[in-house]
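Take a walk through this model, from its surface to its core. Keep the sequence at hand.

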Amino acid sequence: MSSRKIIIKKWKNDYDFKTFINAFISLTATAMFALYNGFLGIHNSSLCYTAICFYYIIIVILRGLIVISERKILQSDNSEKSRNKIFIVASTLLLLLNISLIAPISLMAVQRKPVSLTLIPAIAMAAYTTYKIAMASVNLYRRKRSSNVLVKLLRTINFIDALVSILTLQNTLIMVNSNGKDFSLLPLTASASAAVMITILILSISTLIKGIKNIES
């Protein structure tokens, strides 16, 4: 059996291996999404979208560090202890990163400056976001299959990534179809943004707490 077929077979049957391979592949997609938000930020002079761009860049770096760390851990003796340490560091960084997201998301919810964007890329963004949230939701549930804490962390990061995508999509679609003076949807968008941010913070905090309990046990 060729090495390619072996890798494909392992990808299909090994959930942990599949998670790390998919995480490595998704780095490119997330990086492109970061650049897209960066374009919106520069083109429309929006600090909010620029902040979202940097958020996704850091998410890409965080995912990459987890994947690289797992590769090194597989070559070490005390793998469980090493994974727990990396899990704590990565979870702490994720929590701090998500807390820093509160300000730009709050500004984005009330900012109504029209975006110079046609409906076609906006619809494409909606389709991509729908796919992300669907897959992230399924894998967040399936993470119970794995005992590897880094696999569970990657799945959590994917879900949080998808939630942030919903926020950017929501506000982009409103601003694409707004003249910048319509505030009728402000209560709805503010409430939705607050609900998503609370969910993100709860996930981040609970993830960190679980990591601390794993070390103490």
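A surface patch here is built from residues with over 30% relative accessible area and no salt bridge, and nonpolar side chains are joined into one when they lie within 5 Å. With that in mind, turn to the surface of this predicted model. Val89, Leu93, Leu96, Ile99 and Ile102 form a nonpolar patch there. Together they offer about 430 Å² of accessible area. Helix H4 is the main contributor, giving four residues to the patch.

Look at one of those residues. Leu93 sits in helix H4. Its relative accessible area is 44%. Partly exposed means between 20% and 50%, so Leu93 counts as partly exposed.

Now follow helix H4 itself. The helix has 22 residues. From first C-alpha to last it reaches 31 Å, close to the 32 Å expected at 1.5 Å a residue. Other residues of H4 are buried. Among them are Phe87, Ile88, Ala90, Leu94, Leu95 and Leu97. The buried set also includes Arg83, Asn84, Ser91 and Asn98.

Next, go inside. The largest nonpolar core holds 46 residues. Tyr55, Ile66 and Val164 touch the most other members. Helices H2, H3, H4, H5, H6, H7 and H8 each give two or more residues to this core. H7 supplies the largest share, with 14 residues.

What does Ile66 contact, leaving aside its neighbours within four places in sequence? Its partners are Phe20, Ala90, Leu150, Leu153, Leu154 and Ile157. One of these leads back to helix H4: Ala90 is among the buried residues of that helix.

Conventions:
Residues numbered from 1 in each chain as written. Predicted model: local features only at pLDDT ≥ 70, side-chain atom pairs only at ≥ 80, totals over all residues. Heavy atoms only, no water. Core = buried A, V, L, I, M, F, W, Y, C linked by side-chain atoms within 4.5 Å. Buried < 20%, exposed > 50% of the residue type's maximum accessible area, 1.4 Å probe, protein only. Contact = heavy atoms within 4.5 Å. Patch = residues over 30% accessible without salt bridge, like charges linked within 9 Å, V, L, I, M, F, W, Y side chains within 5 Å. Areas by Shrake-Rupley, 256 points an atom, 1.4 Å probe, with all protein chains shown as cover. Salt bridge = Lys/Arg side-chain N within 4 Å of Asp/Glu carboxyl O. Expected span 1.5 Å × (residues − 1).
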